[in-house]
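Trainee: I would like to learn how to read a model like this one. Can we take it feature by feature?

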Amino acid sequence: MTRRTVRIAMNGVTGRMGYRQHLLRSVLAIREQGGVDLGGGEVLWPEPVLVGRRDHALKEIAERHGLTEWSTDLDAVLADDTIDVYFDAQVTSARVEALKKAIDAGKHIYTEKPTATDLEGALQLARLARTAGIKHGVVQDKIFLPGLLKLKRLIDGGFFGEILSVRGEFGYWVFEGDWQDAQRPSWNYRSEDGGGIAVDMFPHWEYVLHELFGRVLSVQAHITTHIPRRWDEQGKPYAATADDAAYGIFELDGGAVAQINSSWAVRVNRDELVEFQVDGVHGSAVAGLRNCRVQHRSATPKPVWNPDLPVTESFRDQWQEVPDNTEFDNGFKAQWELFLRHVVLDEPYQWDLLAGARGVQLAELGLRSSAEGRRFDVPELTL
Ligand SMILES: NC(=O)c1ccc[n+]([C@@H]2O[C@H](COP(=O)([O-])OP(=O)(O)OC[C@H]3O[C@@H](n4cnc5c(N)ncnc54)[C@H](O)[C@@H]3O)[C@@H](O)[C@H]2O)c1
């Protein structure tokens with residue numbers, strides 16, 4: 001096997017996503033499996049160069065994983081002609097500037113979402129990338145999750161008949177940070193730092209809805225901050241200026257309606273941290289990150305509304321588990337592999353900066369909808 005090395009500057013690898021999902025579970029996991037098989041006796045070999053602000057933190061991560069290259073000088077890394085790809089998992093507010101520099105330096109781009117905090121910024125990135133002729137990709141990990149892959153299988157197999165509605169529940173209780181540490185970074189709760197659940201989660205809902213059911217045609221949202229005061233990583237109280245709950249209704253091309261609740265102020269009484277119930281004329285499904293259950297119309301019971309009688313049946317037990325029937329890889333890794341193949345083999349890749357901009361657009365329109373108490377059409381984006 002001959003190795004075709006792709007050198008990737010990875011910025012933000014000290015963070016939650018950058019370290020665990022992208023470095024550990026994707027790039028290093030690809031190396032552990034021997035690279036990406038390109039066929040013809042060739043393997044793609046990703047070579048990460050860690051980039052960040054704190055030398056000692058980068059050095060510690062590099063040494064822990066037997067890596068030899070790291071830098072706190074992004075400009076110098078981007079000026080290095082041997083670097084092929086720039087990857088960004090920094091805080092959202094630092095993203096646009098870094099991506100612009102990388103595009104300017106002629107690097108291919110792979111980035112976490114949201115690509116920017118406003119639509120104008122997101123579109124500008126997509127235009128710059130097109131003009132520069134580079135390859136670009138945006139993380140859209142949820143569609144690569146086993147539960148949603150099973151849902152896609154059901155849709156492709158015609159299980160639902162006409163799809164009527166999608167109900168999404170996402171969220172969990174994020175501790176305020178006073179009597180127990182918060183399990184998310186404090187910048188998530190400050191809008192001036194790019195925080196907020198709508199900016200974070202609506203980009204995910206855009207591509208999930210778009211890819212599985214149809215383009216989002218309109219949005220109506222109620223977005224709020226339930227917990228106004230939180231405590232940061234140093235135990236200092238701060239005002240939560242960003243939203244922590246977003247209740248959205250989305251009309252979809254094809255006629256279905258989706259309603260998705262996203263909240264960091266909800267306690268979990270579900271099987272998974274996100275679940276989507278899809279109701280179709282011929283059957284229904286509930287898909288989470290891993291699992292998916294179905295109820296076909298032929299096996300649908302006939303509940304009768306009578307509040308005077310206790311419930312005698314267990315509704316949850318009337319659903320059937322969809323089997324794996326295959327091995328599912330980590331979703332982030334699966335998308336990395338497709339992107340790297342796109343870079344070296346020019347294979348098609350649809351999750352680009354324009355797709356990323358659609359997510360930012362939905363978040364922006366959702367926030368406007370909530371602020372103005374109106375429903376907004378979602379215009380189709382072009383460059
Ligand atoms: N795809 C997903 O499911 C998913 C999930 C969570 C977060 N994200 C996205 O990933 C990105 C990172 O989120 P995270 O939860 O890993 O955040 P995090 O706070 O854990 O990590 C942020 C990283 O950015 C770096 N950074 C650069 N400039 C900074 C600055 N000025 N202030 C603070 N940190 C700075 C930090 O050192 C760190 O490496 C965000 O854009 C977020 O929207 C995506």
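**Reading the fold**

Mentor: Start with the element count. The chain holds nine helices and 18 strands. Its radius of gyration is 22 Å, close to the 21 Å that the globule rule gives for 383 residues, so the chain is as compact as a globular protein of that length. Keep in mind that this is a predicted model.

Trainee: What box do the C-alpha atoms of the chain fill along the principal axes?

Mentor: Roughly 75 × 55 × 40 Å.

Trainee: Which domains does the record list, and where?

Mentor: Read such labels as annotations from a record. UniProt, in an unreviewed entry, gives "domain: Gfo/Idh/MocA-like oxidoreductase N-terminal" for residues 49-134. That span is 47% helix and 15% strand, with its end C-alpha atoms 20 Å apart. The unreviewed entry also places "domain: GFO/IDH/MocA-like oxidoreductase" at residues 149-285. Here the chain is 18% helix and 36% strand, and the end C-alpha atoms are 13 Å apart.

Trainee: Now strand pairing. Which strands does β1 join, and in what sense, parallel or antiparallel?

Mentor: Look for the bridges, then the direction. Strand β1 (residues 2-11) runs parallel to strand β3 (residues 42-51), with ten bridges joining them. One pair to find on screen is Thr5 with its bridge partner Trp45 in β3. Strand β1 also runs parallel to strand β5 (residues 85-88), through four bridges. There, Ala9 has Tyr86 of β5 as its bridge partner.

Trainee: What is the strand order in the open sheet of nine strands?

Mentor: Read the order across the sheet, from one edge to the other. It goes β17-β16-β15-β14-β8-β13-β12-β9-β18, and the pairing is mixed. The edge strands are β17 (320-321) and β18 (376-377), each of which pairs on one side only.

Trainee: Where does the mixed pairing show?

Mentor: Follow β13. Strand β8 (residues 163-171) pairs with strand β13 (residues 257-263) in the parallel sense, over seven bridges. Strands β12 and β13 run antiparallel, also with seven bridges. Ile260 in β13 links both pairings: it is the bridge partner of Gly168 and of Gly248.

Trainee: How many bridges join β9 to β18?

Mentor: Two bridges join strand β9 (residues 216-224) to β18, and the strands run antiparallel. Val219 stands opposite Phe376 in β18.

Trainee: Which helix packs on the sheet and touches β9?

Mentor: For packing, check contacts, then the angle. Helix α9 (residues 353-372) packs on the sheet and touches β9, β12 (245-252) and β18. Its direction makes about 55° with that of β9. Helix α6 (residues 146-156) lies across β14 (274-280), β15 (283-287) and β16 (292-296). Helix α6 runs at about 165° to β15.

Trainee: Next, the backbone angles. What should I look for?

Mentor: Look for exceptions to the general pattern. Most residues other than glycine have a negative phi, and most peptide bonds are trans.

Trainee: Which residue has a positive phi although it is not a glycine?

Mentor: Asn325, with a phi of about 60°. Asn325 is in the loop between β17 and α8 (331-345). A glycine case sits in the hairpin of β12 and β13, which has four residues between the strands. There, Gly254 takes a positive phi near 105°.

Trainee: Which residues does a cis peptide bond join?

Mentor: Lys113 and Pro114, with omega about -15°. Pro114 belongs to the loop between β6 (108-111) and α5 (119-132).

Trainee: Last, the ligand. How many residues surround it?

Mentor: Count the shell, then sort it by class. The ligand is surrounded by 19 residues, the closest being Gly15, Arg16, Met17, Gln90 and Pro185. By class, the shell has six nonpolar, seven polar and six charged residues.

Trainee: Which element gives the largest share of the shell around the ligand?

Mentor: Helix α1 (residues 16-32), with three residues.

Technical notes. Residues numbered from 1 in each chain as written. Predicted model: local features only at pLDDT ≥ 70, side-chain atom pairs only at ≥ 80, totals over all residues. UniProt positions renumbered as here; feature names shortened; annotations may be inferred. Near = placed C-beta within 6 Å. Nonpolar A, V, L, I, M, F, W, Y, C, P; charged D, E, K, R; others polar. Pairing = 2+ DSSP bridges. Contact = placed C-beta atoms within 7 Å. Axes fitted to C-alpha atoms, helices over the stretch in contact; angles between N-to-C directions. Rg over C-alpha atoms; globule rule 2.2 N^0.38 Å.
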